[in-house]
Amino acid sequence: MELFTNQILAGIATGAIYACMALAVVMIYQAIDHLNFAQGEMAMFSTFISWQLMQWGVPYWAAFVLTLALSFAAGIAIERLLFKPLAKAPILTNVAGFIALYAIINSFAGLIWDFTIKQYPTPFGSSPFLGSQLISTHQAGMIGITLLLLLMLYFFFQFTRVGLAMRAAASLPESARLVGINTSWMIALGWGMAAAIGSIAGMMIAPVVFLEPNMMLGVLIYGFAAAVLGGLTSPFGAVIGGFLVGIFENLAGTYIPGVGNELKLPIALALIITVLVVKPAGLFGRHIVKRV
Amino acid sequence: MTMLLNVKDLRAYYGQVQALHGLDFQLNEGSLTTLLGANGAGKTTTLRAICNMVRSTGAIEFDGASLASRSTENIVRLGIAHVPQGRGTFTTMTVEENLQLGAITRADKAGIVSDIERMYEHFPVLKQRHTQQAGTLSGGEQQMLAVARALMLRPRLMLLDEPSFGLAPLIVRDLFAILGKINREDKVTILVVEQNAQLALELADKAYVIETGRIVMAGPAKEIATNEDVRKSYLGY
Amino acid sequence: MSAVEDVATEAPAVEAVPKRAMTLGAGTSLVVLALLFLVPAFAKNFIVFQMTMLLIYGLAVLALNILTGGSGQFSLGQSAFYAIGAYTSAILMEQYNVNYALTLPVAGVICFGAGFLFGQPALRLSGVYLALATFALATAMPQLLKLNFFEKWTGGVQGLVVTKPDAPFGLHLSQDVWLYYFTLVVVVAIYIFSVNLLRSRSGRAFMAIRDNEIAASAMGIDVALYKTLAFGVSAGITGVAGGLGAIAVQFVAPDSYTIQLAISLFLGMVVGGVGWLPGSIVGSAFIIFVPNIAEGISKGLSGAVFGVLLFLVIFLVPHGARQVAVVCQQALGKLRGL
């Protein structure tokens, strides 16, 4: 029983990583109605930028904020330059675009910073949290930041005019235009915010998985899975989904025989898909009624 | 009387199919005009063309400014509010949020707040339901919400696409009464597209009749209402 | 957590290719076929081998085209079926001494079954959810192949070596050239089958489901049956491609069939033109040759160059090679009209 509780707690700790990534995923999904495969790479690149800034002597929190701003700008720039031209193209062509972006970013990161693993600092220290062996102060800090992000997103969407406009543009783009909202810029804004949130996820995750160009692949998949599990339209669901995925992953690794590290990912995905088959809109997603 | 909207030789296309074949009409400021026609005649297409929601050629001038090559949202910002077919309410947002969205392009916070109050005076049922999700309102209530949302823009021109659709006759009567009031008191120019010809002709000053993408009749509403052909084709007697 | 449901009147995620545009005209097809037939006369063995791989990947992209372009189901898991087909052929050839040609129908049938089975739970998923499910399948496959439990058949992490067949009847053809013609015959046969499938009642059912599932169901189409059928057929063809691939490469190993392959096949489909069967070979050419070109341009940034080239292609022709074909057709039409 104690092993079980410990695994749950450990799962929540690792789940914070996925929750953070899932928030970025949901952010982009509500803007473009699709998953962006390059998001993990964007987060990774942002994390490298922050690392580089720190190498040049910039203190942690200054680098953090600067990276946040740069990521926001970069997200908007990428959308305006690369995906606005594809707005009228079929969705599958856009997906090919995401894959192309993935290849470009991954390649550049490898060239600029090479593939050796680097240490990445955490502002929270890594001593045991409140004496627990399972959650370090960093992981607690990560959970805290994720929850703070969630709260800020909630306030943004519910209580600001821009947030309201973004919700409208995502909900009914044509009606949004009819009240004067520039839906095209709302998409750009969505990309910017997703890039910024992704950069936070990257900077939180790097101390745990170590900084290298391929660090985000597994995280991104779990982030997708978490977002889908939580319901792609719900930031709250994304966070819960993240924690649940972390727990699934840990329990699968502990209790299912023969499941080494390699099979954890497919098993976790299989579990999520089972949930989806039962609840197609995810745990907290809005149920979509399809009309002919 | 100044001319607010001037439409010349408007042709509109859905892909390769031409839906409008050269429309000409004008709206004077402060007027209430109705565009009548059967299903598929091109009424909705006309409104959509004004707001650049469909590919079109021809000249559309609003208060002297050309609307060509402006995006829909920029046309709206010029002061044209469009209540689309099916109302276009943001069903997952509250009534109050829908009203706020109507004013999203305005910067005067105090003005917006007072306008919302005025909407609640025009439409008391909206005040009752102001924290409810818009999708839970009845058809008639959603239509009122759509009109109220359009008014939040403080538009100079309001386009309405079949506001009576799916509504009980008594509710339509109330709605049209409110439209008349808005036109007279708030000086909003109105263009109403309708299949329900009788009420529309009672409400409007001027009427156009459109058939397969062409205007076939134009004149004061009272004259059109007594016209024999119109009575047979559109009024059913 | 709202009481109000979102009503989605979705445009189909996969756009329809008009039926008459689904293939090349008879004349063009014959020209292409003749060119393919003559390749070994002018090319060295290595080029012939690459052309064989071109045909094989083209077949796999074709399978995906039937699934996505035909029935509108989004799959990132084709590499799993390719792997099953490859291993089936390899195991039958190396451990049971079955003739290589006979392994292909077996691979096809087994993969058809696998696809049909996978299609069942996939029925309730669509769009991004289906993509995720197929993605899970693709990531699981290499791991499953490495499992100790299967090692005595699969050869574990090392994989299996496959013997390349000689030309039959003592024909004076090199192994590569024989295999090329063998592959060409198989691919052409399956291509003709696929074209006819999409023109048949089943094909129309697929496309009805792709365009509007609810309407199709209301019309009496057994949506569940046709969706799983599409998965089955697509998987079966991919399995045959996998079998051919195993014979051509003379080797099967778990890490040859990763999610990278599934993504490449997806890109091949997009570049060729979704739902346009002849485009499969263009897509296949893209995924085989462009990475090499990219590496030639810049070894350190080969991924970036590939990405840039991919972007160029999708900016210029968002609808893939089909778009180019349509433009050519229109230009030819204008010339004839002069």
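**Sheets of chain B, fold of chain A and the contacts between chains**

Strand S1 (residues 3-14) and strand S4 (residues 55-62) of chain B are paired in the antiparallel sense over seven bridges, two strands being taken as paired if DSSP finds at least two bridges between them. Strands (E, at least two residues) and helices (H or I, at least four residues) are DSSP runs, numbered from the N terminus. The model is a predicted one, in which local features need pLDDT of at least 70 and side-chain atom pairs count only at pLDDT 80 or more, whereas totals for chains, interfaces and linings use all residues. Residues are numbered from 1 along each chain as its sequence is written, and chains are lettered from A and ligands numbered from 1 in the order in which they are written.

Within the pairing of S1(B) and S4(B), Arg11(B) has Thr57(B) of S4(B) as its bridge partner. These strands belong to an open sheet of four strands in chain B, ordered S2-S1-S4-S5, with antiparallel pairing. Its edges are formed by strand S2 (17-28) and by S5 of chain B, each of which pairs on one side only. S1(B) and S2(B) are joined in the antiparallel sense over nine bridges, and Leu10(B) stands opposite Leu23(B) of S2(B). Helix H1 (residues 43-50) of chain B packs on the sheet and touches S1, S2 and S4 of chain B, its direction making about 70° with that of S2(B); here axes are lines fitted to C-alpha atoms, for helices over the stretch in contact, with angles running from 0 to 180 degrees between N-to-C directions, and two residues are in contact if their C-beta atoms, placed from the backbone, lie within 7 Å. At the other edge, S4(B) is joined to strand S5 (residues 65-66) of chain B by two bridges, the two strands running antiparallel, and Phe62(B) has Ala65(B) of S5(B) as its bridge partner. S4(B) and S5(B) form a hairpin with two residues between them, and Asp63(B) in the turn has a positive phi of about 55°.

Six strands of chain B form an open sheet in the order S6-S7-S8-S3-S9-S10, with mixed pairing. Strand S6 (80-83) and strand S10 (214-220) of chain B stand at the edges with a single partner strand each, so one side of each is left without a neighbour in the sheet. From one strand to the next, the twist averages 15°. Within this order, strand S3 (residues 32-36) and strand S8 (residues 189-194) of chain B pair in the parallel sense over five bridges, with Thr34(B) standing opposite Val192(B) in S8(B).

Helix H3 (residues 95-102) of chain B has seven of its eight residues buried, so it is largely enclosed by the rest of the structure; a residue is buried if 20 or more other C-beta atoms, placed from the backbone, lie within 10 Å of its own, exposed if 12 or fewer do, and partly exposed in between. The buried residues of H3(B) include Glu97(B), Asn98(B) and Gln100(B), together with Leu99(B) and Leu101(B). These buried residues pack against helix H6 (161-171) of chain A and, within chain B, against helix H4 (109-122), helix H5 (124-128) and helix H6 (139-151).

The contact of chain B with chain A involves 17 residues of chain B and 15 residues of chain A. On the side of chain B, helix H2 (72-77) and H3 each supply at least two residues. The residues of this side divide into six nonpolar, seven polar and four charged, where Ala, Val, Leu, Ile, Met, Phe, Trp, Tyr, Cys and Pro count as nonpolar, Asp, Glu, Lys and Arg as charged, and the others, Gly among them, as polar.

Chain A contains eleven helices and one strand, which follow the pattern α-α-α-α-α-α-α-α-α-α-α-β along the sequence. Its radius of gyration, taken over C-alpha atoms, is 19 Å, close to the 19 Å that the globule rule gives for 292 residues, so chain A is as compact as a globular protein of that length; the rule is 2.2 Å times the number of residues to the power 0.38. The C-alpha trace of chain A spans about 55 × 50 × 35 Å along its principal axes, and 54% of the 292 residues count as buried. Of the contacts in chain A with a separation of 6 or more, 73% are accounted for by residues 24 or more positions apart. The mean pLDDT of chain A, the predictor's confidence in each residue from 0 to 100, is 86, and 94% of the residues score at least 70. Among the elements of chain A, the lowest mean pLDDT (54) belongs to S1(A) and the highest (95) to helix H3 (residues 60-83).

Between chains A and C, the contact takes 42 residues from chain A and 43 residues from chain C. Helix H4 (91-113), helix H9 (216-230), helix H11 (261-278) and strand S1 (288-290) of chain A each supply at least two residues of the side of chain A that touches chain C, and H4(A) gives the most, with 14 residues. This side of chain A divides into 32 nonpolar, six polar and four charged residues.
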